[in-house]
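I opened this entry to keep a record of what I looked up, going from the whole chain down to single residues.

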Amino acid sequence: MPASEDLYVLAPGEGEDESDGWVSPRPIDEAVRAAVADATDLEPDEIDDAESYVDLDEIATLLDGDGEDESLTFAVEDHEVAIDGGGHVTVDPE
């Protein structure tokens, strides 16, 4: 199983305008915490590491795949989090 610090993704708002050539992916734990905190009233320190909610092997397989059209969805503190094949994290605040 990959370590969470080996998996990098893009939190909401990052990488959407790549025309300037600067994209700064974050470790999966940091990105999921930031995305959920931004979309809800939770604080980042109230959110566990990503591996508490989803199998990191599944994320690694998704990120190593060929299609941005594929995604993985999992629940974090009663909120739906999705990661697409391009590494973008989105949160449905439910």
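I began with burial, and found that buried residues make up 39% of the 94 residues in the protein chain, where buried means under 20% relative accessible area, exposed over 50%, and partly exposed in between, with a 1.4 Å probe and protein chains only. I note that this is a predicted model, in which local features need pLDDT of at least 70 and side-chain atom pairs count only at pLDDT 80 or more, while totals for chains, interfaces and linings use all residues. Residues are numbered from 1 along each chain as its sequence is written, and side-chain values use heavy atoms, with hydrogens and water left out.

I then looked up the exposed area, which is about 5500 Å² for the protein chain, with carbon and sulfur atoms supplying 40% of it; accessible areas come from the Shrake-Rupley method with a 1.4 Å probe, and for residues only the protein chains shown count as cover.

For secondary structure, I recorded two helices and five strands, in the pattern β-β-α-α-β-β-β along the sequence. Helices (H or I, at least four residues) and strands (E, at least two) are DSSP runs, numbered from the N terminus. I also looked up contacts, meaning heavy atoms within 4.5 Å, and noted that residues 24 or more positions apart account for 36% of the contacts with a separation of 6 or more.

**Three residues and their contacts**

I looked up Val76 in strand 3, which is buried, with a relative accessible area of 0%. Leaving aside neighbours within four places in sequence, Val76 is in contact with Val32, Val36, Ile47, Tyr53 and Val81. Of these partners I followed Ile47, which is 29 residues away from Val76 along the chain, with 7.7 Å between their C-alpha atoms.

I turned next to Leu62 in helix 2, which counts as buried at 10% relative accessibility. Beyond four places in sequence, Leu62 is in contact with Glu70, Ser71, Leu72, Ile83, Asp84 and Gly85. The C-alpha atoms of Leu62 and Leu72 are separated by 7.4 Å, and the two residues are 10 apart along the chain.

I took Tyr8 last of the three; its place is in strand 1 (residues 8-9), and at 45% relative accessibility Tyr8 counts as partly exposed. Outside the four nearest places in sequence, Tyr8 is in contact with Pro25, Arg26, Pro27 and Leu63. Tyr8 and Pro25 are 17 residues apart in sequence, yet 5.6 Å apart in space from C-alpha to C-alpha.

**Salt bridges**

I reminded myself that side chains of opposite charge can pair when their charged atoms come close. How many salt bridges are there by the rule used here? The count comes to two, a salt bridge being a side-chain nitrogen of Lys or Arg within 4 Å of a carboxyl oxygen of Asp or Glu.

In one of them, the side chains of Asp49 and Arg33 meet at 2.3 Å, N to O. Asp49 lies in the loop between helix 1 and helix 2 and Arg33 in helix 1, so the pair ties together parts that are 16 residues apart in sequence. Asp49 is partly exposed at 30%, and Arg33 is partly exposed at 22%.

Glu30 forms a salt bridge with Arg26, where the closest N and O atoms are 3.8 Å apart. I noted a relative accessible area of 42% for Glu30, which is partly exposed, and 22% for Arg26, also partly exposed.

**The negative patch**

Which residues form the negative surface patch? I listed Asp41, Glu43, Asp45, Glu46, Asp48, Glu77 and Asp78. Patches are made of residues with over 30% relative accessible area and no salt bridge, with like charges joined within 9 Å and nonpolar side chains (Val, Leu, Ile, Met, Phe, Trp, Tyr) within 5 Å. Asp41 lies in the loop between helix 1 (28-39) and helix 2 (56-64), and counts as exposed at 71% relative accessibility.

Two other members made me check the backbone, as most residues other than glycine have a negative phi. Glu77 lies in the loop between strand 3 (71-76) and strand 4 (79-84), has a positive phi near 50°, and counts as partly exposed at 35% relative accessibility. Asp78 lies in the loop between strand 3 and strand 4, has a positive phi near 65°, and is exposed, with a relative accessible area of 66%.

Terms used
Lys, Arg positive; Asp, Glu negative; His and termini not counted. Charge placed at Lys NZ, Arg CZ, Asp CG, Glu CD.
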